[in-house]
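Open the model in your viewer and keep the sequence panel beside it. This tour tells you what to select, stop by stop.

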Amino acid sequence: MTTPTVLTRWADGLARDGARCAVKSGDREVSYEELAGRVAGYQAAFEGVRPADPVLISCADPVEVIAAVLGCAAAGRTFAPVDPRLPAAVLDGVLAALRPGAVVADAPGRAALAEREPPGGARLVRPEELEPRAWSAEAWQRSAPEDRGYVYFTSGTTGRPKGIRGSLRAVHHFVDWEIAEFGIGAGTRVSQLTSPGFDAFLRDAFAPLCAGGTVCAPPAGGTPVGEGLARWLTEHEVEVLHCVPTLFRTLRSAALTPGSFPALRAVLLAGEPLHPSDVAWWRGLFGGGKELVNLYGPSETTMTKLFHRTTEEDAHARLVPVGRPLPGVSARVLTGPGDPPDALGEVEIEVPFPLLGYLGDDEWRGTATTHRTGDLGRLRPDGSLELYGRRDQQVKVHGVRVDLGEVENALRGRPGVQDVCAAAVTEDVTTALVAYVVAPDVSDADLRAHAAQRLAPGLVPSVFVRMAAIPRTLNGKVERRSLPKVALQRAAEAAEPPKGPTETGIAAIWSELLGLADIGRDDDFTLLGGDSLAIARLMDQVRHEYRVDLPLRAFLQDPTVAGLAAAVTDRTAGSPS
């Protein structure tokens, strides 16, 4: 008997009711039969590719990504999905590392690839030209193609695309658990809000498809947020919502009531920390009627490996645990000799299937079935795991060890704080603890007082940088490299606000370009993170707004709001009327 896989499980649903909706994307509904025709078409296209050569999938349409992935599974080919929104330079790095034998790219995917020819003569497959083929659910149910798995790319800590390899066996292990744990069955509607360039896309697609359910994806043009997300969830009667906490929190801006989302029964959150304030808000609306579940698992071990169904106690706790392992999984905290059982240490995960490591020569931290995550954790007496941030988020400021995650958690507990990111910033020989915050109605004094009540003295930020939004990657995680630079001496002082309409107007342009909420008249554009490209955009906007042809050197002599405003005023005064 063939061992169940995501391919055979999906084929089982196809055999039961091929007319049922498999994917609903916007107003478009794709049946299991229609999807099968496209899967067969991709399977035939990939059989002309050498088995050892991966298939790169660069499509904005989730239907084509799902069909191409299933086609690769049926043909026994490795698939590597990427998000077409990635910068071209990053895609170049992916292509160089992957060396694909075929590239599947729809119009947005081809635009991202700049219409360049696939490398090394790789075949370009255009979804709009793909001919659906005859299919047989029974053939897929019986088939046992080699599991060549997938590759997903992350920037890692270097900025260089880093390929994480995984297997379909590992995907099936998770999908089989979620279907059983949350009662996903025929007709169950599950959200698809994840970028195709992250492995959680496979969770969103295969959990419903392997159970005879429906994948619900928003229309092309971006993920809905806030009121738009609330409306989409309601209109599409989504029953199981998968997303990152950042996206989940945007629902706070929607006018939710205890009667909102009548079809929704479970919200599964992963990718970043879930906070007690999130649990308190959600349970305040719905009690325990709509489950809020915290998930944890690095991409190296294939999606979720631990889970925790939140409780009323979590709403008042210091932090929300990530819980206990899935069946067959174990989680350990690596501590030193003589440390107590609840000591803090690096989390190591062991799984019941082979881990395939990284593409190329990146070092693997673990064994064939274990992975050292780089996350710091502590085991509760009941065996539940608490996370305390990344090992590399442990920094020293003035000789005091600081957990940046602990600082962020404390500040998030202050009402009015919408988002926060803590960092240790060094200028010359001085290092300061800086909090980048989105909190338009909360003063620095209030933030500092709130932190002082909850943190040891050495953990209270000395500098608060106001942001309009924290920069994040496509999957919602903080993009620390995009945080603005900080001049510690200036940032620690109270910024003098702009004076007069010209300074106020120029400060508004800076705020838009740099993503900073408050700009002082003496702030230096380059110290706030303005690079050469941002300077060029700034000068262009000033030229358009004030109708002056200002030379670059006039700005560089005094790159402050006050200096630029003075240069604009001087040039305007000297212009002929």
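In what order do the four strands of the open sheet stand? Select β16, β17, β18 and β19: that is their order, and the pairing is antiparallel. Strands pair here if DSSP finds at least two bridges between them.

A word on the ground rules. This is a predicted model, where local features need pLDDT of at least 70, side-chain atom pairs count only at pLDDT 80 or more, and totals for chains, interfaces and linings use all residues. Residues are numbered from 1 along each chain as its sequence is written, and side-chain values use heavy atoms, with hydrogens and water left out.

**Stop 1: the open sheet**

Stay with the four strands, β16-β17-β18-β19. Colour β16 (330–334) and β19 (385–390): they stand at the edges. Each has a single partner strand, so one side of each is left without a neighbour in the sheet. From one strand to the next, the twist averages 50°. That angle is taken between N-to-C directions of axes, which are lines fitted to C-alpha atoms, for helices over the stretch in contact, and it can run from 0 to 180 degrees.

Now select β18, residues 370–379. Four bridges join β18 to β19, and the two run antiparallel. Pick Arg378 and look across to β19: its bridge partner there is Glu386.

**Stop 2: the whole protein**

Zoom out. The protein has 18 helices and 24 strands. Both are DSSP runs numbered from the N terminus: helices are H or I with at least four residues, strands are E with at least two. Of the 577 residues, 54% are buried. Buried means under 20% relative accessible area, exposed means over 50%, and partly exposed lies in between (1.4 Å probe, protein chains only).

**Stop 3: strand β10 and its partners**

Select β10, residues 214–217. Are its faces covered or open? Both are covered: Thr214 and Cys216 on one side are buried, and so are Val215 and Ala217 on the other.

Add β1, residues 21–25. β1 and β10 pair in the parallel sense over three bridges. Ser25 stands opposite Ala217 in β10.

Add β9, residues 189–191. Three bridges join β9 to β10, again running parallel. Ser191 has Cys216 as its bridge partner in β10.

Now show helix α8, residues 200–209. With β9 and β10, α8 makes a right-handed β-α-β unit. To check the hand, point the strands away from you: in a right-handed crossover, the path from the first strand over the helix to the second runs clockwise.

**Stop 4: the β1–β2 hairpin**

Go back to β1 and add β2, residues 28–31. These two pair in the antiparallel sense over four bridges. Lys24 has Glu29 as its bridge partner in β2. The hairpin has two residues between the strands, and Gly26 takes a positive phi near 65°.

**Stop 5: Ser167**

Select Ser167, in the loop between β8 (162–166) and α7 (168–181). Why does Ser167 count as buried? Because its relative accessible area is 10%. Leave aside its neighbours within four places in sequence, and Ser167 is in contact with Asp147, Gly149, Tyr150 and Leu356. Contact means heavy atoms within 4.5 Å.

**Stop 6: helix α11**

Show α11, residues 276–286. Its buried residues include Trp281, Trp282 and Phe286. What covers the buried residues of α11 includes α10 (245–249), β12 (266–269) and β13 (291–296). Just after α11, Gly287 takes a positive phi of about 60°.

Pick Asp278, also in α11. Asp278 counts as buried, at 1% relative accessibility. Not counting residues up to four places away in sequence, Asp278 touches Phe248, Arg249, Arg252 and Leu292. Now draw a line to Asp314: the two are 36 residues apart in sequence and 9.5 Å apart in space, C-alpha to C-alpha.

**Stop 7: helix α13**

Select α13, residues 444–454. Its buried residues are Leu447, His450 and Ala451. Look down the axis of α13: these buried residues fall within an arc of 95°, so they line one face of the helix. The arc is that of the directions from the helix axis to the C-beta atoms. On the other side, Ala445 and Gln453 are exposed.

**Last stop: Gly228**

Finish in helix α9, residues 226–235, where Gly228 lies. Gly228 counts as partly exposed, at 21% relative accessibility.
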